[in-house]
Amino acid sequence: MRPKFAANIMESRRYDVVVIGCSTGGLEALRIVLGALPATFPLPILVVCHTALGAEGLLVELLGRSCVLTVREAVEKQSIAPGVVVLASPGYHLLLEKDLTLSFSADLKVCGARPAIDVLFESAADAVGERLIGIVLTGANNDGSRGLLAIRQTGGVGIVQDPVTAVAPEMPQAALDIAGADYVFLLSEIAPFLMRLVEEG
Amino acid sequence: MQDVKDIEIELFLDAMRLRHGYDFSNYSRASLKRRILGLLPALGFDRIVDMLPSLLYEHGFHLHVISLLSVPVSEMFRNPEVFLSLRKKVAPVLQSYPQINIWVAGCATGEEVYSLAILLKEENLYDRTQIYATDINDAALAKAEEGVYPVKLLKDYAGAYLKAGGAFSLENYYQSLYDFGMMDSSLKKNIVFAHHNLVADGVFCEVNMILCRNVLIYFDRYLQGRVLHLLRDSFARGGFLCLGNKESLEFSDVAVDFKTIDFSCRIYQCVPNLPQTSWSPDDMTSL
């Protein structure tokens, strides 16, 4: 079933949402990927970056400074918006609902993490199906691999940072081992590729 | 065409509601679905529909389902700054009350109730306080009433206790028995643990404070609004409400009845906006 679109997302586009997961080395990686996206980037971007509790404000601020896109901490029940980067809050899982609003949960950690990338990815795959782009970046555990598998199984696009070039290769490697990928990229290649995907329509 | 798993979930929710009176239909769907799918390995089923015969015919099965569905995740002094704020900003007001009623709505396995009891004790409020700790999950309530937690976890909570303004050491409040610590009976004597379903049950007492943290996040906006009305209607005038750090009441029409005491800690005070009386001194002049 095709979800309802936000009014300003064009019907002709093939993708509705981008989800990104990262952990160790994630801030630098996100700065490179998100920092290279123009203000006109038309998709909402949801990010889980494992961080120390309490550092959320800092992550939003640091990322905001290196992006022209708006960067915000997630707000429970808020709708996602084109070109807005939303970061999961420490201590809470972030989930995407079918009506494209955000839900939180304080349930058990998944892969030792809360927020967990798997929880976001699996819910987003369920919510928008093949209209989803999932990206696994640097990280030191295996969170995100089951989520990326769910994304690829529902027909979405799976992108993984080349583990050899990652600060911490475990997470992208686990994603490749368990989910495989449609594309394996250097960090610098990801933003231009996303632009191509959305421009192709 | 609807996804087949979503159809199964509708059938499951219908069975819970029609057969057992538990209505989960206004829970946030994404996390509810995750929890329902999590039941399958825990109960040894392959598909959600496979659970339906047991759910409809097996005595007590639904209670087991509820105990797993409303997975209690709780810790002592979670977000210690909230408990510090309760100590600094709310406790002084409570000092003037001869009798204090507090409702911990959605108490899960009780960690938060005991955190609160410790705080009240250290502020010399406990002896005139009655705490009602409620949850939908009877298995969690039984654990809460027991008040026995792994020592390893209790040691983890010691730091949060101090950050919450704890005056002594958390160890003062439990007796260790091998790997477990049992909360002191003096903390339990003024706590009543009771089954209460925020979705279906109504106001059951008049209270001066409600802790309802990380409960609303599991509900959709409609149900959040309804529960906020229930909480508001439970307050004595000037009662304090403490929600989870990512929850809020600003979206709801009850917001006008609350003033914010500490937004970052989500502490509010209920000061109902009483309707203006039709007569006011100004009217005199027009007579």
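Biologist: In this predicted model, which elements of chain B do the buried residues of α7(B) pack against?
Modeller: Start with the residues themselves: in helix α7 (residues 138-146) of chain B, the buried ones are B:A140, B:L141, B:K143 and B:A144. Down the axis of α7(B) they fall within an arc of 160°, so they line one face of the helix. That set packs against two helices and two strands of chain B, namely α4 (61-69), α6 (111-122), β2 (129-135) and β6 (191-195).

Biologist: And which residue with a positive phi follows α7(B)?
Modeller: Look just past the helix, where phi is near 65°. The residue there is B:G147.

Biologist: Which strands stand at the edges of the sheet β3-β5-β4 in chain B?
Modeller: This one is an open sheet of 3 strands with antiparallel pairing, in the order β3-β5-β4. Two of its strands have a single partner each, so one side of each is left without a neighbour in the sheet. Those edge strands are β3 (148-150) and β4 (174-177) of chain B.

Biologist: How are neighbouring strands of that sheet turned against each other on average?
Modeller: Direction is ignored for this one, and the figure is an average over neighbouring strands of the sheet β3-β5-β4 in chain B. It comes to 30°.

Biologist: Which residue in β5(B) does B:Y174 stand opposite?
Modeller: β4(B) pairs with strand β5 (residues 180-183) of chain B in the antiparallel sense, over 4 bridges. Across from B:Y174 in β5(B) you'll find B:M183.

Biologist: What angle does helix α8 of chain B make with β3(B)?
Modeller: Helix α8 (residues 151-163) of chain B packs on that sheet and touches β3, β4 and β5 of chain B. Its direction relative to that of β3(B) is about 85°.

Biologist: Over to chain A: what is the average twist from one strand to the next in its open sheet of 7 strands?
Modeller: The order is β3-β4-β2-β1-β7-β8-β9, and the pairing is parallel. β3 (70-73) and β9 (183-185) of chain A each have a single partner strand, so they stand at the edges with one side lacking a neighbour in the sheet. From one strand to the next, the twist averages 20°.

Biologist: Which residue in β7(A) stands opposite A:V18?
Modeller: Strand β1 (residues 17-22) and strand β7 (residues 132-136) of chain A pair in the parallel sense over 5 bridges. Opposite A:V18 in β7(A) is A:I133.

Biologist: At what angle does α4(A) run to β7(A)?
Modeller: α4(A) lies across β1, β7 and β8 (157-161) of chain A. Helix α5 (residues 170-178) of chain A lies across β7 and β8, at about 140° to β8(A). For α4(A) against β7(A), the angle is about 155°.

Biologist: Are α3(A) and α4(A) roughly parallel or antiparallel to each other?
Modeller: Helix α3 (residues 117-128) and helix α4 (residues 145-153) of chain A have axes 7 Å apart and pack at an angle of about 10°. The cut-off for this class is under 35 degrees. α3(A) and α4(A) are therefore roughly parallel.

Biologist: Which helix gives the most to the side of chain B that touches chain A?
Modeller: Across the interface, 15 residues of chain B are in contact with 16 residues of chain A. The chain B side divides into 6 nonpolar, 4 polar and 5 charged residues. With 3 residues, the helix that gives the most is α2 (residues 29-43) of chain B.

Methods. Residues numbered from 1 in each chain as written. Chains lettered and ligands numbered in written order. Predicted model: local features only at pLDDT ≥ 70, side-chain atom pairs only at ≥ 80, totals over all residues. Axes fitted to C-alpha atoms, helices over the stretch in contact; angles between N-to-C directions. Parallel < 35°, antiparallel > 145°, perpendicular 65-115°, else oblique. Contact = placed C-beta atoms within 7 Å. Nonpolar A, V, L, I, M, F, W, Y, C, P; charged D, E, K, R; others polar. Pairing = 2+ DSSP bridges. Buried ≥ 20, exposed ≤ 12 C-beta atoms within 10 Å, placed from the backbone. Arc of directions from axis to C-beta.
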